[in-house]
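Please open the structure in the viewer and keep the sequence panel visible. The tour proceeds by selections, each followed by a description of what is found there.

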Amino acid sequence: MAETVWSVDRRAAVATRTDAPRHAALVRVTHWLTTVCFLALLVSGLEIVVSHPRFYWGETGNVLTPALFSIPIPSSRATVPTGYGYVLPDQNGWSRYLHFEAAWVLVLTGALYVIWGALSGHFRKELLPDAGDRSVQAFSRALVRHLRFARPVAADAWSYNLVQRLAYILVIFVLFPLVIWTGLAMSPAFVSAVPSTVTVLGGRQSARTLHFLVSVSLVAFLLVHVAMVWFAGFGARVMAMITGAPAPTRGSE
């Protein structure tokens with residue numbers, strides 16, 4: 001009986017919030033600023049990688065030393081052996097400027113979000129898993145449901161499931177700080193002021209390799225994130241806007 005009353009109250013609470021924004025204004029603003037900065041970093045980072053698509057481990061690495069791994073693409077530098085008989089246009093100038101500027105905007109945006117999230121209780125209420133979800137069994141059930149692209153019920157439309165919470169915690173508190181740290185470790189000016197930034201990682205080339213691998217992980221997260229948003233109902237809303245059909249309710253997503 002108590003469970004039935006609780007379920008009814010929860011559905012009623014969700015219904016009253018249907019027209020309200022799911023996230024606070026600051027969360028939405030920092031989310032889209034991060035999105036723009038990340039796309040700028042991705043484009044400029046690809047141009048930087050094209051100039052030398054070889055990765056090493058340690059402090060030094062060049063075309064005369066064995067690579068840890070290489071990306072099989074042409075280079076924009078004729079001195080870099082890639083196996084191709086041509087070189088790509090060199091865009092290394094503007095790409096480094098854009099990468100540097102977008103990175104600092106991202107750092108400031110992230111710092112604002114983290115400070116607000118800690119002070120407002122956003123992380124504790126929205127991202128920290130509930131006590132009943134902190135088990136391997138709960139994670140397994142949530143992962144299976146997530147992999148099946150199961151649509152959330154109306155009562156769950158205003159909260160993240162366990163897999164989403166853990167993924168966001170990993171991205172916000174591990175991957176993003178690590179990609180910023182490894183990026184700073186490649187800056188001669190910053191390393192001269194804080195040498196331990198790069199020595200802890202094992203050298204500047206190690207930092208570059210880790211920076212690339214973490215960036216790939218973030219791109220993978222972005223692709224999955226966009227796919228889940230689409231399957232959760234965003235695609236249906238876009239088609240409704242195009243065709244003029246009634247848009248699905250938030251609870252059906």
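Begin by selecting Asp90, which is partly exposed, with a relative accessible area of 44%. The model is a predicted one. Add Arg77 to the selection: the side chains of Asp90 and Arg77 meet in a salt bridge, at 3.6 Å from N to O. Both partners lie in the loop between E2 and helix H3 (92-120), 13 residues apart. Arg77 is likewise partly exposed, at a relative accessible area of 33%.

**The second salt bridge**

A search of the whole structure yields two salt bridges. For the other pair, select Glu59 and Arg204, whose side chains meet at 3.0 Å, N to O. This pair links distant parts of the chain: Glu59 belongs to the loop between strand E1 (54-55) and strand E2 (69-70), whereas Arg204 is in helix H9, 145 residues apart from Glu59. Is Glu59 buried or exposed? With a relative accessible area of 41%, Glu59 falls in between and counts as partly exposed. Arg204 is also partly exposed, at 27% relative accessibility.

**Along helix H9**

Remain on helix H9, which covers residues 204-243, and move to Thr209. The relative accessible area of Thr209 is 1%, so this residue counts as buried, the cut-off being under 20%. Which residues does Thr209 touch, leaving aside those up to four places away in sequence? Display Phe55, Tyr56, Trp57, Leu68 and Phe69, which are its contacts.

**Helix H2 and its partners**

Next, select Leu26, found in helix H2 (residues 25-51). Leu26 is partly exposed, since its relative accessible area is 25% and that class lies between the 20% and 50% limits. Show Leu112, Tyr113 and Trp116 as well; Leu26 touches these three, not counting residues up to four places away in sequence. Then set a distance between the C-alpha atoms of Leu26 and Gly117: the two are 9.6 Å apart in space, although 91 residues apart in sequence.

**Helix H6 and its bend**

Now select helix H6, residues 162-184. How far apart are its end C-alpha atoms? They are 32 Å apart, which agrees with the 33 Å that 23 residues should span at 1.5 Å a residue. Centre the view on Val171, where H6 bends by about 35°. Val171 is also one of the buried residues of H6. To see the others, colour Leu162, Val163, Arg165, Tyr168, Ile172, Leu175, Phe176, Val179 and Thr182, each of them buried.

**The whole chain**

Finally, clear the selection and colour by secondary structure. The chain has nine helices and two strands. Followed from the N terminus, the elements run α-α-β-β-α-α-α-α-α-α-α. Switch to a surface representation: the chain exposes about 15600 Å², and carbon and sulfur atoms supply 70% of that area. Of the 253 residues, 29% count as buried; Thr209 is among the buried residues visited on this tour. Contacts may be viewed in the same way. Among those with a separation of 6 or more, 61% join residues 24 or more positions apart.

Notes
Residues are numbered from 1 along each chain as its sequence is written. This is a predicted model: local features need pLDDT of at least 70, side-chain atom pairs count only at pLDDT 80 or more; totals for chains, interfaces and linings use all residues. Side-chain values use heavy atoms; hydrogens and water are left out. Helices (H or I, at least four residues) and strands (E, at least two) are DSSP runs, numbered from the N terminus. Buried means under 20% relative accessible area, exposed over 50%, partly exposed in between (1.4 Å probe, protein chains only). Contact means heavy atoms within 4.5 Å. Accessible areas come from the Shrake-Rupley method with a 1.4 Å probe; for residues, only the protein chains shown count as cover. A salt bridge is a side-chain nitrogen of Lys or Arg within 4 Å of a carboxyl oxygen of Asp or Glu. The expected span of a helix is 1.5 Å times one less than its number of residues. The bend at a residue is the angle between axes fitted to the seven residues ending there and the seven starting there.
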